[in-house]
Amino acid sequence: MHHTRILGTGSYLPANRLTNDDLSKIVDTSDEWITERTGIKARHIAASGEQTSDLAVQAARIALDDAKISAEDIDLIIVATSTPDMTFPATACIVQNKLGIGGCAAFDVQAVCAGFMYAVVTANAYIKSGMAKKVLVIGAETFSRLLDWNDRRTCVLFGDGAGAVVLGASDEVGIIHAKLKADGAYSHILKTPGKVASGAVDASPYLYMDGQAVYKFAVKALAKIGADVLLEAGLTAADVDWVIPHQANYRIIESTAKHLGLPMEKVILTVQEQGNTSAASIPLALDAGIRDGRIQRGNTLLLEGIGGGFAWGAVVLKY
Ligand code: ACO
């Protein structure tokens, strides 16, 4: 049992679908502008009262069914989120309770859009060290609640959702290699500075982004870490069957794929229907590719994510 394999996946999108045309009635924007700059056509928005943990539990139940295990078999729950239900306790503990189990370890990982990469790498370390046999890893976000719906530069980009994977110890190869990076010197280009302090929200509770700086940093960092993780694993781009990138926008994904020498036919895309769901975007795209039959057992997958921090990471694995 030296390896970490994906045993099952699941995902969940809130029912409310908001199109670009819907948005153009709220802010001064257009379907043409959003589509051309980002590839996004629609995103899903959580209902009022629907919490990040609710989205996470829906995705988790499907992943557990897919893995053919019950929630009681899980030794550890890791939720990657930057939009937790509350300051504390961790959303992972709330998810654990909603799944009707208690006792296993549960904690959140906060690495914004790279959160799922950080959570998978953490789960892999637990499994490889023998500290856990089955880990439920969830990326779940209600990013719509961080948006200033008067700010057309940001509110058109994001959506809500959750994706989950069950990772388990296995004799068969799963995760081949992984790499995480961070550089806090770039924290100012993408942030939500507000925090709860002395009974009020101190600083802006809305997402701020320098779009062009983020674009440049993201393409460079993702191309480099993708190439590095493949090289260190002794693989080349030709060995990759599918790339599952963080779904920030089509142009970042396309440009990164080009740098890596990977055709867009090998890239799983959900950004057009989901927007950027931060930590949820990679497991949502992974689940979409598996459920529609494109990703098959034995395929080599390259997962890549980047977000505020800046934090970024890549994982190459056999599905
Ligand atoms: N609709 C219409 N016009 C808009 C909109 C909008 N939604 N948003 C901005 N504009 C206008 C601006 O006001 C500006 O008008 P002006 O020239 O009259 O001032 C014009 O469009 C150009 O604005 P820019 O900000 O220069 O547009 P740019 O070409 O850089 O595109 C974008 C903006 C799409 C955000 C781009 O910078 C980008 O893709 N950045 C990457 C950001 C990203 O994906 N972030 C996701 C979070 S980070 C992550 O997940 C990695």
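**Sheet architecture, ligand shell and backbone geometry**

In the predicted model, Val79 stands opposite Ile138 in β6. Strand β4 (residues 76-80) and strand β6 (residues 134-142) run parallel and are joined by 5 bridges. Helices (H or I, at least four residues) and strands (E, at least two) are DSSP runs, numbered from the N terminus, and two strands are taken to pair if DSSP finds at least two bridges between them. Residues are numbered from 1 along each chain as its sequence is written, and side-chain values use heavy atoms, with hydrogens and water left out. As the model is predicted, local features need pLDDT of at least 70 and side-chain atom pairs count only at pLDDT 80 or more, whereas totals for chains, interfaces and linings use all residues.

An open sheet of 5 strands is arranged in the order β1-β7-β6-β4-β5, and its pairing is mixed. Because β1 (3-12) and β5 (105-109) stand at the edges with a single partner strand each, one side of each is left without a neighbour in the sheet. On average, neighbouring strands of this sheet are turned by 20° against each other, direction ignored; axes are lines fitted to C-alpha atoms, for helices over the stretch in contact, and angles run from 0 to 180 degrees between N-to-C directions.

An open sheet of 4 strands, also with mixed pairing, follows the order β8-β15-β14-β13. Its edge strands, β8 (175-182) and β13 (242-245), each pair on one side only. The average turn between neighbouring strands of this sheet is 10°, direction ignored. Within it, β14 (residues 300-307) and β15 (residues 311-318) run antiparallel and are joined by 8 bridges. Glu304 stands opposite Ala314 in β15.

The ligand is surrounded by 23 residues, of which Thr29, Arg37, Gln212, His246 and Asn249 come nearest; a residue is near a molecule or strand if one of its heavy atoms lies within 4 Å of it. By class, the shell comprises 11 nonpolar, 7 polar and 5 charged residues. Here Ala, Val, Leu, Ile, Met, Phe, Trp, Tyr, Cys and Pro count as nonpolar, Asp, Glu, Lys and Arg as charged, and the others, Gly among them, as polar. Domain 1 (3-172) and domain 2 (176-318) each contribute at least three residues to the shell, with domain bounds taken from an automatic or database domain assignment. At least two shell residues come from each of α2 (31-38), α6 (152-155), α7 (211-232) and α8 (250-260); α7 gives the most, with 4 residues.

Polar contacts are pairs of N or O atoms within 3.5 Å; within protein, one must be able to donate a hydrogen and the other to accept it, and residues adjacent in sequence count only if both atoms are side-chain atoms. An oxygen atom of the ligand lies 2.5 Å from a side-chain N or O atom of Arg37. For a nitrogen atom of the ligand, the distance to a side-chain N or O atom is 2.7 Å at Thr29 and 3.4 Å at Trp33. Taken alone, the ligand exposes 1000 Å², and the protein buries 75% of that; accessible areas come from the Shrake-Rupley method with a 1.4 Å probe, and for residues only the protein chains shown count as cover.

Most residues other than glycine have a negative phi, and most peptide bonds are trans. A cis peptide bond nevertheless joins Phe88 and Pro89, with omega about 5°; Pro89 lies in the loop between β4 and α4 (91-98). Gly309 and Phe310 are likewise joined by a cis peptide bond, with omega about -15°, and Phe310 is found in the loop between β14 and β15. Lys68, in the loop between α3 (52-67) and β4, has a positive phi near 60°.
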